[in-house]
Amino acid sequence: MGRQTVTEATQRFSFTRRSLLLSAAQLSVGGLLVGRAAWLAIAQNEKYSLLSESNRVQLTLIPPRRGWIIDRHGQPIAKNRADFRVDLIPDRVTSLDAVLKTLTEILDLSFDDVERIRSDFEKAAGFQPVQVADKLEWEKFAALNLRLPELPGVMPARGMSRDYPEGAAVAHLVGYVGAASADQYKESRDPLLITPGFKVGKDGLEKTMDLYMRGKPGARRSEVTARGKLVRDLAMKEDIAGKTLKLTVDAGLQAYAARRLGRESGSVVVFDCTNGDILTMASMPAYDPNSFTDGISHDEWDMLSLNDHLPLMNKSLQALYPPGSTVKPMATIAFQRHGISPQDTVFCNGGYRLGSRFFRCEGHHGAVDMPTAIMKSCNTYFYTMGHRIGYDKIAEVARELGLGQEFTLPFPSQRYGTVPDSEWKLRKFKKPWGQFDTLNASIGQGYVLTSPFQLAVMALRIATGKALMPRIIAGPQPHVAPLNIPPEHLAVVHDGMNRVVNAGGTATRSQINLNGITMAGKTGSAQVRGLSGGRGDMSTPWKYRDHALFVGFAPADNPRYAIAVVVDHGIAGARAAAPVAKDVLTYLFDPAKAMASLLALEKAWGGTIKERMERETTAYRAQKAVERGEAPPPPPAAEDLGAMAPSASSAPAATTAGPVPSMTAADPTTAITGTPPTSAPAETNGKVTP
Amino acid sequence: MRPGIIPAPILNLPWPLLLPVIFVAMFGCVVLYSASGGHLQPWAFSQAMRFFIFLGMALMLANIRRESWKSMAFPIYGVICVLLLIVEAFGAVKGGSQRWIDLGIIRLQPSELMKIAIILAIARLYDLLPAGEIRGWHAIWIPLAMIGFPAGLVLLQPDLGTATMIIAGGLTVMFLAGLPLRLFIGGGLAALAALPVLWFTMHDYQRNRVLIFLDPESDPLGTGYHISQSKIAIGSGGFFGKGFLHGSQSHLEYLPEGHTDFVFATMFEEWGLIGATALITAYFLIVRYAMNVANQAPDKFGRLLASGLGCTIFYYFSVNMMMVMGLAPVVGIPLPMFSFGGSALMTLMICFGMLMSIDRANKRAGQFL
């Protein structure tokens with residue numbers, strides 16, 4: 001018992017000691033806790049306060065209102081419209097399928113829309129918003145907002161969307177806008193680029209003048225929860241709207257020219273002769289920049305990119321053609337400069353012999369002087385005179401008049417073609433210039449390549465005799481130097497060009513008769529195949545037919561406007577290009593009269609550009625749906641035939657139209673049956689007598 | 001007894017314990033009120049209700065005689081072991097980890113109760129063991145087995161945090177019981193040496209957790225997110241805090257689990273270092289009360305039970321705070337009486353009931369002396 005008590009006591013003592021030890025350990029841990037807390041809260045307070053603030057406060061950029069694009073009279077070409085939109089933030093989406101299902105239900109998304117969203121979603125870089133829909137009606141927008149809690153990653157917003165009232169007519173002129181690409185963002189790291197609703201210019205003036213029209217974003221500081229829910233706005237800074245871009249273009253004329261091209265593939269460029277203002281630069285067919293702004297579906301893209309009328313190309317600046325006979329007036333300037341009198345005649349008996357080769361003329365013109373040669377487009381005269389002075393001297397004048405030149409213009413790309421000469425050929429082909437090269441080049445064939453825009457500049461400079469520079473952005477009048485061409489030389493050229501239209505020349509069917517106002521010009525037909533293949537007619541497949549060209553100015557006696565028209569595979573300048581030029585120039589002097597003839601034509605073509613495009617898209621979608629097996633093939637005479645008919649009618653006969661891609665596979669019998677009787681006037685070279 | 005306005009039964013309550021306990025619990029409710037955005041629902045009110053109910057229960061437990069605790073020690077331990085087995089069996093049947101038994105009115109979490117039961121049982125074991133046997137083999141293996149069995153079951157659930165608490169509580173009692181010091185030193189060294197071995201036997205995900213603990217910023221969106229956001233809340237709280245109802249980290253839901261495991265960060269953000277120091281002080285007062293009770297106890301059972309419970313309370317809050325401040329890996333241990341939740345609160349209040357019971361016994365013994 002004694003032993004035990006002693007041991008108990010020892011144990012008690014050891015307990016006291018050990019519990020003291022533990023208490024000491026506990027106190028030191030307590031000290032550690034307080035020390036750690038002090039370290040975090042006092043020593044590192046600044047760092048963590050900052051982190052906490054950046055958690056709490058979110059800076060949201062407000063996309064700036066983009067500057068409008070207006071025409072020379074102040075009429076809007078591109079403007080903004082308030083709308084309701086919905087975006088997806090890929091990072092926050094938990095199940096794309098579930099979200100898309102609900103969104104389809106609320107917003108009535110089409111199959112195409114869903115496909116487009118899916119593919120954008122895959123390409124997007126997580127933080128980049130993917131547009132679901134915009135221009136929503138208020139009811140749908142409100143319905144969506146109600147169901148937001150079950151839709152993670154869906155961001156509804158009120159924003160601005162770009163609106164192009166003239167649609168496809170201005171597509172190649174102004175381009176279009178769209179969300180910035182992932183690459184653009186990676187390059188600049190500008191958070192504005194990934195702000196939902198912010199658009200950058202993707203093509204045309206929208207792209208090149210992007211920063212001018214962009215403006216400065218506004219910002220909103222707001223308190224948000226970790227899940228992105230807005231608690232309250234703290235501060236707000238208004239955006240600064242972008243500057244308005246005023247163009248030299250006449251919006252009405254631009255739209256008219258685009259419409260007047262009808263179902264053709266082609267371009268029209270019109271200049272103001274007083275200062276070089278570009279009044280119109282139309283290239284058709286084109287895409288609708290309004291629908292590009294939303295991001296387009298696969299089908300729509302396929303339809304555009306597979307179309308042989310190249311709706312995605314700005315043909316005015318980027319398509320190159322042999323200018324054909326349109327360069328003949330230009331050549332006569334060179335002839336006169338190098339001593340050939342306008343009265344000198346050449347006898348045309350159907351061609352010109354050079355060694356063993358015979359270069360053909362279109363006719364047997366007999367004795368022709370300079371103005372007559374222009375009027376009748378006599379190849380023999382130009383072969384002879386070209387051969388006499390040599391092409392290098394003609395090339396010099398060609399360049400002075402703008403051919404082969406690149407102009408300082410705010411467009412993403414322009415092709416400047418070729419004005420060949422002996423030095424160029426030696427450099428390019430390591431071969432000396434041949435005399436047959438001169439003959440070919442003298443009539444605008446061979447190596448010569450020009451863009452419709454350059455042809456218009458040529459027309460402008462021949463019309464004015466001044467070295468006018470083209471310009472698209474309105475500004476103060478530039479100083480203009482005269483060209484090195486004596487007025488008497490120019491008078492001969494003007495006389496020839498006047499006779500082309502008004503005195504039994506090649507384009508007499510395209511006279512303007514408005515209170516004494518007349519048009520002067522020169523037709524041209526550019527070969528697509530070698531001469532031996534024939535000039536091409538309606539029996540030739542569309543893509544082998546000759547291009548139709550026309551350059552001109554009006555009024556003939558005192559030029560105010562200059563124009564170039566190119567109609568791809570239009571067979572001959574006189575039949576396809578000159579009538580377009582005539583109507584477009586008529587619009588400048590008498591819009592009502594021009595509109596009347598256009599409306600008659602459009603009736604035959606199947607409506608306005610917009611109506612025709614809508615029908616084509618519908619038909620293409622229907623066809624795609626059949627190919628995918630989602631819809632039964634339509635019966636040959638079913639109701640949707642009506643929709644297909646107008647484009648189908650072009651295939652067999654109409655001169656003013658080429659095949660429409662969605663119809664290439666169409667059964668010709670169907671097409672003929674579907675041709676409405678009203679399409680008959682379309683066969684008369686688009687010429688409508690007022 | 002001093003005559004006064006306050007009646008004797010109330011005056012005689014163990015206020016050195018009750019005052020800090022009530023302070024901690026009420027402070028907790030205030031913080032929960034703020035965590036729910038300035039509302040009594042869903043946390044603050046029910047937590048307060050529960051606290052007062054359990055406090056009443058604790059005061060009743062205080063009336064149980066020390067001798068009864070002694071005789072109930074092993075049966076309680078046994079029953080809870082069986083409950084753990086049942087939970088384990090249910091979990092196996094349901095094919096998931098399950099930690100509680102649904103009794104209809106309360107979801108009973110046996111592992112939580114085991115934290116006290118292990119102290120009770122080990123204290124009782126050494127109480128039974130003759131003093132001379134303390135250096136014997138039985139004094140080592142029997143308690144180790146008694147700790148290992150439930151700890152193993154809890155580990156299987158799997159609940160590393162609670163298992164660690166059970167082991168720590170049991171070992172602490174063994175240490176206080178007077179087992180040779182060299183055993184602990186040797187054991188500690190052996191554990192240290194085993195660490196690299198453990199590292200190589202761990203699964204990748206377990207290693208990841210350790211790595212994330214060492215460098216939370218390396219995983220800002222996973223487990224590291226909890227720690228990072230918690231540190232931001234604490235660090236931005238500063239000395240005085242952002243003020244009641246002004247904690248942006250918790251109100252804007254950046255702080256995860258802001259009402260349970262990370263409630264300390266919620267508190268710190270609004271009350272700052274001042275609030276934290278007050279809270280830690282209160283906890284230390286509670287632990288100090290337990291140690292005082294232990295030192296005044298005339299017998300080994302009372303000493304070991306009271307000090308063991310005191311240490312358990314200490315482990316509770318210190319491990320939680322270390323975790324929240326990035327000093328320990330994230331293991332699910334709530335802040336006692338402060339975090340929202342019934343089980344932990346109940347465990348704590350049973351703890352206090354036992355402490356008060358021993359305190360009474362001590363005082364009674366003192367009167368007899």
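## Pairing up

Two strands count as paired if DSSP finds at least two bridges between them. Keep that in mind for this predicted model, where Ile62(A) stands opposite Gly218(A) in strand S8(A). Those residues belong to a pairing between S1(A) and S8(A), which run antiparallel over 6 bridges, with S8(A) covering residues 218-224.

## A three-stranded sheet

S1(A) and S8(A) are part of something wider: an open sheet of 3 strands, in the order S1-S8-S9 in chain A, paired antiparallel. Strand S1 (57-62) and strand S9 (230-237) of chain A each have a single partner strand, so they sit at the edges with one side lacking a neighbour in the sheet. On average, neighbouring strands here are turned by 30 degrees against each other, ignoring direction.

## A hairpin further along

Next up are S11(A), residues 266-272, and S12(A), which pair in the antiparallel sense over 6 bridges. Here Gly266(A) is found opposite Met284(A) in S12(A). The two strands make a hairpin with 5 residues between them, and in the turn Gly276(A) has a positive phi of about 80 degrees.

Is S12(A) buried or exposed? For strand S12 (residues 278-284) of chain A, 7 of the 7 residues are buried, so the strand is largely enclosed by the rest of the structure.

## The whole chain

Stepping back, chain A has 26 helices and 19 strands. Of its 690 residues, 47% are buried. Looking at contacts between residues at least 6 apart in sequence, 73% join residues at least 24 apart.

Conventions:
Residues are numbered from 1 along each chain as its sequence is written. Chains are lettered from A and ligands numbered from 1 in the order in which they are written. This is a predicted model: local features need pLDDT of at least 70, side-chain atom pairs count only at pLDDT 80 or more; totals for chains, interfaces and linings use all residues. Helices (H or I, at least four residues) and strands (E, at least two) are DSSP runs, numbered from the N terminus. Axes are lines fitted to C-alpha atoms, for helices over the stretch in contact, and angles run from 0 to 180 degrees between N-to-C directions. A residue is buried if 20 or more other C-beta atoms lie within 10 Å of its own, exposed if 12 or fewer, and partly exposed in between; C-beta atoms are placed from the backbone. Two residues are in contact if their C-beta atoms, placed from the backbone, lie within 7 Å.
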